[in-house]
Structure formats: structure tokens, C-alpha cells
Amino acid sequence: MMADAALVFGGDLTIGVSGDLALASGSDLTKQRVLRRLLTNPGDYIWQLSYGAGLGQFVGVTGAAGAVGAVTRAQILAEARVAQSPLPQITLEQTGTSGIALTIAYQDAMTGQATALTLPV
């Protein structure tokens with residue numbers, strides 16, 4: 001599998017210890033790929049039009065928890081670096097009148113490490 005540049009969604013590239021671009025590996029690479037998949041809008045990745053959950057479209061939308069859960073579940077199960085067993089657990093918690101705290105607990109398919117990721121939507 002190819003290495004990815006270390007790049008948190010919306011951030012900048014970083015320089016590694018040798019002066020080259022920093023590379024992501026292990027569980028950091030999986031987290032980076034999960035975030036990229038969840039925050040990319042469907043249709044924006046022209047080589048795979050079904051890639052991306054587009055969670056940004058749900059920010060501030062009242063009553064969107066069901067849609068957020070459904071699209072997150074579909075996309076997280078499509079990510080090759082996320083183990084299919086045990087199934088990822090997705091929890092949605094209402095915060096305020098239109099906010100949602102999304103928590104995804106998954107096992108990294110490459111390292112076996114259990115990880116929990118929480119995002120505000």
C-alpha cells in the first residue's frame with residue numbers, strides 16, 4: 001500500500017525529520033483517511049464519485065442526526081483501513097439546538113488498534 005503525506009484535513013503539509021515531506025503511518029494514517037472520507041463531499045473525488053460523506057453539509061441543520069448516522073456508517077464501512085469485525089460503532093449526541101457530536105469507535109484493520117474519533121457536526 002502506498003504511503004500518504006501527513007496531512008490533517010484542512011491543514012498544511014509538514015516536514016519530516018529528514019527534511020522531506022512527513023508521511024503518515026499506522027493508526028495515524030487510518031485516522032487521516034477516515035477524516036478525509038467523512039469530510040469530502042460526494043462527487044468531489046472525480047475518480048470515485050461515491051467517495052465521501054460530506055458531513056459539512058449537515059453543520060447547523062436541525063434534525064440531521066439520522067442522515068449523519070446513515071452516511072457515516074456507509075462511508076466508514078467502505079474504508080479499507082477500518083476493520084469490518086468488530087463493526088464500527090457510531091454514536092450521535094445532540095448538542096444544543098442543532099449541533100451533533102459524532103463519535104466513531106473502530107478497529108484499525110492494519111494495526112489492530114481500537115480508536116475512537118469524535119467530531120462536531
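How much area does the protein chain expose, and what share of it do carbon and sulfur atoms supply? The exposed area is about 7000 Å², as given by the Shrake-Rupley method with a 1.4 Å probe, and carbon and sulfur atoms supply 58% of it. The model is predicted, so local features need pLDDT of at least 70 and side-chain atom pairs count only at pLDDT 80 or more, while totals for chains, interfaces and linings use all residues. Residues are numbered from 1 along each chain as its sequence is written, and side-chain values use heavy atoms, with hydrogens and water left out.

Two helices and five strands make up the secondary structure of the protein chain, in the order β-β-α-α-β-β-β along the sequence. Here helices (H or I, at least four residues) and strands (E, at least two) are DSSP runs, numbered from the N terminus. The radius of gyration, taken over C-alpha atoms, is 15 Å, which agrees with the value near 14 Å for a compact globule of 121 residues; that rule is 2.2 Å times the number of residues to the power 0.38. Of the 121 residues, 36% are buried, meaning under 20% relative accessible area (1.4 Å probe, protein chains only).

A closer look at one residue rounds out the picture. R81 sits in the loop between helix 2 (65–78) and strand 3 (89–95). R81 is buried but has no salt bridge, a term for a side-chain nitrogen of Lys or Arg within 4 Å of a carboxyl oxygen of Asp or Glu. The nearest side chain of opposite charge, D108, lies 4.3 Å away.

Definitions and conventions:
Buried means under 20% relative accessible area, exposed over 50%, partly exposed in between (1.4 Å probe, protein chains only). Lys and Arg count as positive and Asp and Glu as negative; His and the chain ends are not counted.
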